Amino acid sequence: MPGRNRSGQDPDTGSEPVRLVVSDLTNIEAFNFKPGHQGFLDFCRTVFAKPEPQFLRTDDDELVVFRHADLRALAVMPAMGNVPSGVLSAQMAAAARRFGFGESASSSTTGQAIADGFANQFFFNNDPIRAPLRRMTLGQIGPKAAPSMIDLARSIAVQTLAATPRDQRIDFTRDIAERFVVAFWTRIVGLSEHEALAVTALVRAMSAVFVRFDTPAAFQATDDAFAAYMSILDRAARRSLAHQPHPILAALDSGLAQLDLVDDPAYAGIVPKSAGKMLAGLLIDGFHTVATTATSVARVLAHRPEVLAQLERMPSLWPAAIAEALRLQPVALIFKRYTSDDVFHNGFLIPKHTRVAMMWAAGNHDPAAFPAPETYDLTRNSAAVTSFGGGSQICPGRHMAQMLTQALLQTIACEGLELAPEQAADEWARSTVFLQLKSFPVVLRQRST
Ligand code: HEM
């Protein structure tokens, strides 16, 4: 098999592992991988037809982990860390040079707003900084806190739907999902109406970061959107904190004030400098990824009226129905990790400082874990689903994402409404990070009784 070299000893088994040489592995494109949903499905159908290969690589020589068992096993290893913010900054500087923004990494600032925005999301932190930020976040939007906000979410869903036109073609993402999530987080951060509108447009512009930039202008525009977004959220949060902050904002503010940690871009990352910046970092997903999730689940269910009817009879099935919809049509395609040390796994040695692409979406379509993966089946074990990652880095926003998705879609049903998908062919974004529709055209209409 390409990509093998013998080296060292596995400390656990004492046997000699095979050292992975990522650049020697087969490119995922050889297995029909292409950005977008169809490319993802083609890849899964091809690669899971045989038990080999175990690993692949991306164009950028990142190690691709895609089999369910490997994703789950590697995710729990402490040395499978997050990409340090310094590594991300260097990547942005390299992109800036490639696009002709300055001769050297230090002579251009384009790309740094993107890097700074993400650096405030503890996706780019490792311990000792990551653990306390994660605890603070889970305390505010984790398994206890998220369900307690469902009534607020439902009331916002009712308002959103009341202002949505009936019986005409709309885009579910723009006209319902985005407006709903922005209205929800607006209450937490304290955005003005004008700021909320600006943030909606900026988040849309920022999502270009998940697609490969084609032109310097696209790179610059995305960087500008990140800078404006961070500044609006930080300003709004400061204003709220000075008056009557939402408890989530107040808790993040006091939590950060108690942290006694220093920045370490090379490994642990940076400590957010304000609650507004921390929340802004988290809400990149809170806005974009939650709206994308709600769209994905809405699309799966809109095509399955029998499941919607079952949910009406048994509303307690909503969490399982959402988990299965997200398994079938996942949103998070690839999330990056970075090895902080040599990692030994299943007879292989993954060297320190390897950039790893965890293809979480593929875990959901591995027939070894989910027989007949393209079939929607409400009786599956949702604990095995990999839509939100795994291990100690498993998404801390998942409870909130599920609650918001349920609140929105259940409210549509409770209001006696339904989404009728327009039959236009679906167009997917050419992203190698997220699986997201460019738009989901539907008609929102009153259900006939
Ligand atoms: C309120 C919304 C959300 C917030 C605040 C949020 C936040 C985060 C953060 C901070 C991490 C890094 C965790 C760590 O390093 O310890 C993370 C990881 C992740 N999130 Fe989320 N997220 C949200 C929604 C979503 C949604 C809707 C999805 C997909 C459906 C998603 C998928 C993931 C995945 C796949 C990971 C990687 C986990 C891993 O590497 O094991 N997130 N999220």
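**Exercise 1. Two residues with positive phi**

Find the loop that holds Asn346, and decide whether Asn346 counts as buried or exposed.

Solution. Step one is the place: Asn346 lies in the loop between β8 (343-345) and β9 (348-350), where strands (E, at least two residues) and helices (H or I, at least four) are DSSP runs numbered from the N terminus. The model is a predicted one, in which local features need pLDDT of at least 70 and side-chain atom pairs count only at pLDDT 80 or more, while totals for chains, interfaces and linings use all residues. Residues are numbered from 1 along each chain as its sequence is written, and side-chain values use heavy atoms, with hydrogens and water left out.

Step two is the backbone: phi of Asn346 is near 55°, a positive value in a residue other than glycine. Step three is the surface: Asn346 counts as exposed because its relative accessibility is 55%, given that buried means under 20% relative accessible area, exposed over 50% and partly exposed in between (1.4 Å probe, protein chains only).

The steps can be repeated for Asp61, which sits in the loop between β3 and β4 (63-65) and has a phi near 60°, again positive in a residue other than glycine. With a relative accessibility of 33%, Asp61 counts as partly exposed.

**Exercise 2. Two cis peptide bonds**

Establish which residue is joined to Pro53 by a cis peptide bond and which one is joined to Pro128 in that way.

Solution. Begin with Pro53, which is found in the loop between α1 and β3 (55-57); the residue joined to Pro53 through the cis bond is Glu52, with omega about 0°. Then turn to Pro128, placed in the loop between α4 (112-119) and α5, where the cis bond is made with Asp127 and omega is about 15°. As background, most residues other than glycine have a negative phi, and most peptide bonds are trans.

**Exercise 3. An open sheet**

Work out the strand order of the open sheet of three strands, and explain why one side of β6 and of β11 is left without a neighbour.

Solution. The order is β6-β12-β11, with antiparallel pairing, and two strands are taken to pair if DSSP finds at least two bridges between them. It follows from this arrangement that β6 (169-171) and β11 (417-421), standing at the edges with a single partner strand each, have one side without a neighbour in the sheet. Neighbouring strands are turned by 45° against each other on average, direction ignored.

Next, count the bridges: five join β11 to β12 (residues 441-446), and three join β6 to β12. Finally, trace single partners, since Val443 in β12 is bridged to Arg169 and also to Ala420, whereas Leu444 is the partner of Leu419.

**Exercise 4. Helix α5 against helix α10**

Determine how the axes of α5 and α10 cross, and name the residues that make the contact.

Solution. The axes of α5 (residues 130-141) and α10 (residues 247-258) come within 10 Å and cross at roughly 160°, the axes being lines fitted to C-alpha atoms over the stretch in contact, with angles from 0 to 180 degrees between N-to-C directions. The two helices are therefore roughly antiparallel (under 35 degrees counts as roughly parallel, over 145 as roughly antiparallel, 65 to 115 as roughly perpendicular and the rest as oblique). The crossing of α5 past α10 is right-handed, a term for the near helix being turned clockwise from the far one by less than a right angle, with anticlockwise giving left-handed.

The contact (heavy atoms within 4.5 Å) involves Leu133, Met136, Gln140 and Ile141 on the α5 side, and residues including Pro247, Ile248 and Leu252 on the α10 side.

**Exercise 5. Helix α8 and its cover**

State which residues of α8 are buried and which helices are among those that cover them.

Solution. Helix α8 (residues 193-206) has 14 residues and reaches 20 Å from its first C-alpha to its last, close to the 20 Å expected at 1.5 Å a residue, that is, 1.5 Å times one less than the number of residues. Glu195, Ala196, Val199, Thr200, Leu202, Val203 and Met206 are buried, and their cover includes α7 (172-189), α9 (216-242) and α11 (275-302).

Taking α9 in turn, its axis and that of α8 come within 9 Å and cross at roughly 145°, in a left-handed crossing. Among the residues that meet here are Val199 and Leu202 of α8, with Phe226 and Tyr229 of α9.
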